[in-house]
Amino acid sequence: MPSPPRPVGLPALDRCLVMGILNVTPDSFSDGGRFAGIADAVAHGLALAAAGADVVDVGGESTRPGAERVPADEEIRRVLPVITELSNAGLSSTIDTTRAVVAAQALAAGAAGVNDVSGGLADPDMARVVADAGCPWVLMHWRGHSRDMASLAAYDDVVLDVRDELRCRVDAALGAGVRAEQLILDPGLGFAKTADHNWALLDRLDVLIDMFLPVLIGASRKAFLGRLLADGAGIPRPPDQRDGATAAITALVAQVGVWGVRVHEPAANLDAARVVAAAVRTQAQSVESDD
Ligand code: PMM
């Protein structure tokens with residue numbers, strides 16, 4: 001089976017890429033407030049890379065369900081010094097933002113790409129910024145800002161609806177002058193999705209992979225894993241105890257050909273990606289020797 005093009009400007013690997021999450025926010029669902037200071041955030045970015053992250057994804061605005069927006073200048077104040085320092089240290093980073101002005105400044109400060117949870121919908125200028133930079137652009141499936149997204153989780157068929165809505169975003173990006181090899185798709189687990197929607201999307205990733213663009217999955221520590229691992233009284237497992245389940249998802253999705261995973265705790269996910277790559281290589285060799 002031919003593989004999709006590798007995104008320009010990010011490490012080319014023979015396994016699933018591991019993107020480490022660095023939220024420079026007071027209120028993200030799993031790590032909110034832990035890395036709100038610049039020095040702590042930079043230290044955590046370096047620790048993510050040391051633990052195996054191929055890229056560090058830096059975000060200054062929480063996207064947890066119900067979150068309020070922060071002003072653009074506050075978002076810039078949070079992320080810019082962190083991206084600058086990570087770039088100076090030789091790390092590859094992406095900027096997690098829906099705002100073109102934030103993306104432009106982050107790219108100028110050394111970010112290698114843009115992770116846009118709105119897939120270009122939130123800001124009409126984003127496509128131009130990405131086209132001018134020629135950098136990778138993660139187009140995530142999105143139906144509205146965090147404050148409203150729970151009410152937007154209605155689908156005829158979540159897998160086909162997400163595919164069709166992502167296809168529209170790809171067409172819009174290409175129409176605005178972005179090249180196909182810059183694009184990465186993401187179904188946006190948890191964004192206007194119930195737990196059942198997330199599981200259905202994970203079950204049918206072949207539908208997205210067939211779009212012939214790299215696919216990124218962000219399942220790390222999300223609520224559907226907490227609910228799956230609830231205790232006997234039905235209390236969800238807390239976010240920082242969901243890393244084993246996250247690594248299991250990485251193994252599942254790497255096996256079906258996902259390009260990358262976005263995770264809080266890189267080490268176990270890198271191990272999972274390496275195990276799957278070895279298994280896939282062995283399978284390919286045994287098919288060759290059968291021919
Ligand atoms: N999830 C979150 C934030 N950014 N970006 C992409 N591409 N995919 C995701 O699933 C995603 C994202 C929310 O999780 P966080 O608060 O742990 O960052």
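**Group meeting: a parallel sheet and its ligand**

Let's start with one pair of residues: tryptophan 137 stands opposite leucine 183 in E6. Bear in mind that this is a predicted model. Tryptophan 137 belongs to E5, and E5 and E6 pair in the parallel sense over four bridges. To get from E5 to E6, the chain goes through helix H5, residues 158-175, and that β-α-β crossover is right-handed.

Stay with E6 for a second. Leu183 and Leu185 point one way, Ile184 and Asp186 point the other way, and all of them are buried. That fits the usual picture: in a regular strand, side chains alternate between the two faces of the sheet.

On the other side of the story, tryptophan 137 is also the bridge partner of valine 114. E4, which covers residues 113-116, runs parallel to E5, with three bridges joining them.

Okay, zoom out. What is the strand order of the whole open sheet? It has eight strands, in the order E6-E5-E4-E3-E2-E1-E8-E7, with parallel pairing. Strand E6 (183-186) and strand E7 (216-217) are at the edges with a single partner strand each, so one side of each has no neighbour in the sheet.

Now for E2, residues 55-59. Five of its five residues are buried. Val55, Asp57 and Gly59 sit on one side, Val56 and Val58 on the other, and both faces are covered. E2 pairs with E1 in the parallel sense over five bridges, and there glycine 20 stands opposite valine 56. Four bridges join E2 to E3, residues 93-96, again running parallel, with valine 58 opposite isoleucine 95. Those two strands, together with helix H2 (residues 72-88), make a right-handed β-α-β unit.

Last stop, the ligand. Which residues are closest to the ligand? They're Asn115, Asp186, Lys222, Arg262 and His264, out of 16 that surround it. Asp186 is our friend from E6, and one of its polar side-chain atoms lies 2.7 Å from a ligand nitrogen. Arginine 262 puts a polar side-chain atom 2.9 Å from a ligand oxygen. For histidine 264, a side-chain N or O atom is 2.9 Å from an oxygen atom of the ligand.

And how much of the ligand does the protein bury? Taken alone, the ligand exposes 410 Å², and 98% of that is buried by the protein. Strand E1 (17-23) and strand E5 (137-140) are the elements giving two or more residues to the shell. By class, that shell has seven nonpolar, five polar and four charged residues.

Methods. Residues numbered from 1 in each chain as written. Predicted model: local features only at pLDDT ≥ 70, side-chain atom pairs only at ≥ 80, totals over all residues. Heavy atoms only, no water. Near = heavy atom within 4 Å. Polar contact = N/O pair within 3.5 Å; in protein donor to acceptor, adjacent residues only side chain to side chain. Areas by Shrake-Rupley, 256 points an atom, 1.4 Å probe, with all protein chains shown as cover. Nonpolar A, V, L, I, M, F, W, Y, C, P; charged D, E, K, R; others polar. Pairing = 2+ DSSP bridges. Buried < 20%, exposed > 50% of the residue type's maximum accessible area, 1.4 Å probe, protein only. Right-handed = clockwise from strand over helix to strand, strands pointing away.
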